[in-house]
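This report is an introduction for a reader who has not met this structure before. Please look over the sequence and the model before reading on.

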Amino acid sequence: MTRMVLTGRLFMRISAFSVAVVALVLAGCGDDKAAAPGAAGDATAGATSGAAVVPPPAGSNWTEVTAMTPEGGFRMGNPDAKVKLVEFASLTCPHCKDFHEAASETIKNRYVASGEVSYEFRNFVLNGPDYAASLLARCQGPQAFFGLLGAFFNDQANWLEPFTKLTPEQQAALSALPQEQQMAGLAAAGELDGYVRTRGIPKAKFDQCLADEAAIKTLADLRTQATDKYKLTGTPGFVINEQTQEGVFDWKTLEPKLQAALQ
């Protein structure tokens, strides 16, 4: 299993919202550092190494404590946790989906719930459909974000499929739209309006989310943060306590890093 590696074609100007790049995203790209098939590991293995549980606020648990961070991500857990885990990932990256299938429940219920680890997701957009889906996942705020994030990863093949079936005529029509209308046009052509409507985002909110220029800029800034500050070259990528985790791309390689940081 390889992680998603950013190629020159994926560094294309995102504002063009090219639909053709979806084929690359679905196929993935090779990385000679990546793990062999099955290296995602056992999501139920491991635990915080004897660390004391940090009590959450009264009437809640740490998995319910969420916030948008100043850096632009969404955090779950104790803001003062000893270990701060940040993941940079793409909603259209198949290897990011694999990671979430393997690790998300363990991260949430074992590590975040302890109060000793916080988990922050920062979007690293790779293409137009990713941009549209990321805006929609983020626009309901931190309380709704993690549920929508899980839905987009769990249903990745299903919601991406309409984008792969757009005809050359449809793609040409999208390209002819004014730039400020291309995002909403692409999302509607990919049938995301129907997908998110059943998940609490009505059409009016759908249009509002996709037209939010500040939110679009935040996504662009997160991408720059990943490449320029943390020197990430692929997704998923991980940062622990502000240190980029080189060679870490799945749960099997990430969990020992968390355990070490908890010592």
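The sections below go from the whole chain to its sheet, its helices and a few single residues.

## Basis and overview

This is a predicted model, in which local features need pLDDT of at least 70 and side-chain atom pairs count only at pLDDT 80 or more, while totals for chains, interfaces and linings use all residues. Residues are numbered from 1 along each chain as its sequence is written, and side-chain values use heavy atoms, with hydrogens and water left out.

The protein chain holds 11 helices and eight strands, where helices (H or I, at least four residues) and strands (E, at least two) are DSSP runs numbered from the N terminus. Of its 263 residues, 50% are buried; here buried means under 20% relative accessible area, exposed means over 50%, and partly exposed lies in between, with a 1.4 Å probe and protein chains only. Among contacts (heavy atoms within 4.5 Å) between residues at least 6 apart in sequence, 79% join residues at least 24 apart.

## The sheet

Six strands make up an open sheet of mixed pairing, in the order S2-S3-S5-S4-S7-S8; two strands pair if DSSP finds at least two bridges between them. Strands S2 (66-68) and S8 (243-244) are at the edges with a single partner strand each, so one side of each has no neighbour in the sheet. Strand S7 (residues 237-240) pairs with S8 in the antiparallel sense over two bridges, and Val239 has Thr244 in S8 as its bridge partner.

How is strand S5 placed with respect to the rest of the structure? Seven of the seven residues of S5 are buried, so this strand is largely enclosed by the rest of the structure. In a regular strand the side chains alternate between the two faces of the sheet. In S5 both faces are covered, with Val117, Tyr119, Phe121 and Asn123 buried on one side and Ser118, Glu120 and Arg122 buried on the other.

The partners of S5 run in opposite senses relative to it: S4 and S5 pair in the parallel sense over seven bridges, whereas S3 and S5 pair in the antiparallel sense over three bridges. On the S4 side, Val83 has Val117 in S5 as its bridge partner, and Leu85 stands opposite Tyr119. Phe74, in turn, stands opposite Phe121 in S5. Strand S4 is itself mostly covered, since six of its seven residues are buried.

## Helices on and around the sheet

Helix H4 packs on the sheet, where it touches S2, strand S3 (74-76), strand S4 (83-89) and strand S5 (117-123), and its direction makes about 65 degrees with that of S5. Helix H4 (residues 142-154) also packs with helix H3 (residues 128-138), at an angle of about 150 degrees and with the axes 8 Å apart; axes are lines fitted to C-alpha atoms, for helices over the stretch in contact, and angles run from 0 to 180 degrees between N-to-C directions. In this contact, Ala133, Leu136, Ala137 and Arg138 of H3 meet Phe145, Leu148 and Phe152 of H4.

Helix H11 (residues 251-262) has 12 residues and spans 16 Å from its first C-alpha to its last, close to the expected 16 Å, a value defined as 1.5 Å times one less than the number of residues. Its buried residues are Trp251, Leu254, Glu255, Leu258, Gln259 and Leu262. They cover an arc of only 140 degrees around the axis, which puts them on the same side of H11; the arc is that of the directions from the helix axis to the C-beta atoms. These buried residues pack against S4, helix H2 (94-111), S5 and S7.

## Single residues

A cis peptide bond joins Thr235 and Pro236, with omega about 0 degrees, and Pro236 lies in the loop between strand S6 (234-235) and S7. Asn241, in the loop between S7 and S8, has a positive phi of about 50 degrees although it is not a glycine, and it is partly exposed at 35% relative accessible area.

Glu191 likewise has a positive phi, near 65 degrees, and lies in the loop between helix H7 (179-189) and helix H8 (192-197), where it counts as exposed at 51% relative accessibility. Lys165, found in the loop between helix H5 (156-164) and helix H6 (168-176), is exposed with a relative accessible area of 57%. The C-alpha atoms of Lys165 and Gly190 are 8.6 Å apart, although 25 residues separate the two along the chain.
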